[in-house]
Amino acid sequence: MPLKISLKPGERFVLNGAVIENGERRANLVLKNKAAVLREKDILHEEDVTTPVRRIYFPIMMMYLSDKADDKLYDEFVLRMNEFMGVVTNPDVLTVCVAISRDVMAGEHYKALMGCRKLMTYEAERLG
């Protein structure tokens with residue numbers, strides 16, 4: 001199924017590890033095959049990994065953008081998810097955590113990243 005991306009002028013995204021920046025006009029792209037794509041707003045830089053959920057998101061993002069399996073990234077994800085789940089008591093949040101873990105184990109990294117976005121909302125509400 002093709003993926004259509006609408007880009008604002010100057011908007012950046014990552015496509016299979018390459019950073020691409022749109023020109024001066026709005027653009028529409030259609031990707032016809034499977035590719036690792038992240039919009040600029042979904043990219044987390046290492047210096048921005050400052051909260052527990054961001055520590056979960058970052059290794060998933062790196063696994064998604066990488067073209068090869070990396071045990072260190074997976075181990076980092078497992079460590080951070082276990083830490084987070086060890087202190088959270090909200091059953092709905094724990095359900096999201098389990099779904100994210102399932103998605104990572106199945107290699108569905110993009111789906112796991114979208115689950116992390118839900119956790120980021122929860123975290124932002126808690127941290128004020």
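Student: In this predicted model, is Glu83 buried, partly exposed or exposed?

Tutor: The relative accessible area of Glu83 is 40%. Buried would require a value under 20%, and exposed one over 50%. Glu83 is therefore classed as partly exposed.

Student: With which residue does the side chain of Glu83 meet in a salt bridge?

Tutor: Glu83 lies in helix H2, and its partner lies three residues apart from it in that helix, about one turn. The N to O distance of the pair is 3.1 Å, where the limit for a salt bridge is within 4 Å. The partner of Glu83 is Arg80.

Student: Which residues are joined into one network by salt bridges that share partners?

Tutor: Arg80 meets Glu83 in one salt bridge. Arg80 also forms a salt bridge with Glu76, with the closest N and O atoms 2.8 Å apart; these two residues lie four residues apart in helix H2 (residues 71-87). The shared partners join into one network Glu76, Arg80 and Glu83.

Student: What accessibility class do Arg80 and Glu76 have?

Tutor: Relative accessibility is 23% for Arg80 and 30% for Glu76. Because buried means under 20% and exposed over 50%, these values fall in between. Arg80 and Glu76 both count as partly exposed.

Student: Which residue forms a salt bridge with Glu11, and where does that partner lie?

Tutor: The side chain of Glu11 takes part in a salt bridge with an N to O distance of 2.7 Å. The pair links distant parts of the chain, 28 residues apart, with Glu11 in the loop between strand E1 (3-7) and strand E2 (12-15). The partner, in strand E5 (residues 37-39), is Arg39.

Student: Is Glu11 buried or exposed?

Tutor: The partner in the salt bridge, Arg39, is partly exposed at 23% relative accessible area. Glu11 has a relative accessibility of 14%. Since the cut-off for buried is under 20%, Glu11 counts as buried.

Student: How many salt bridges does the count come to?

Tutor: Among them are the pair of Glu11 and Arg39, the pair of Arg80 and Glu76, and the pair of Arg80 and Glu83. The count comes to five.

Student: What is the order of strands in the open sheet of three strands?

Tutor: The pairing in this sheet is antiparallel. Its edge strands are E3 and E5, each of which pairs on one side only. Four bridges join E2 to E3, and three join E2 to E5. The order is E3-E2-E5.

Student: By how many degrees are neighbouring strands of this sheet turned against each other on average?

Tutor: The sheet has antiparallel pairing. The average for its neighbouring strands ignores their direction. The value is 25 degrees.

Student: Which residue in E3 is the bridge partner of Phe13?

Tutor: On the side of E5, Phe13 stands opposite Arg39. Towards E3, Arg12 has Glu21 as its bridge partner. For Phe13, the bridge partner in E3 is Ile20.

Student: Which residue in the turn of the hairpin formed by E2 and E3 has a positive phi?

Tutor: The hairpin has two residues between its strands. The residue in question lies in the loop between E2 and strand E3 (18-21), and is exposed, with a relative accessible area of 51%. Its phi is about 50 degrees, although it is not a glycine. The residue is Asn16.

How values were computed: Residues numbered from 1 in each chain as written. Predicted model: local features only at pLDDT ≥ 70, side-chain atom pairs only at ≥ 80, totals over all residues. Heavy atoms only, no water. Buried < 20%, exposed > 50% of the residue type's maximum accessible area, 1.4 Å probe, protein only. Pairing = 2+ DSSP bridges. Axes fitted to C-alpha atoms, helices over the stretch in contact; angles between N-to-C directions.
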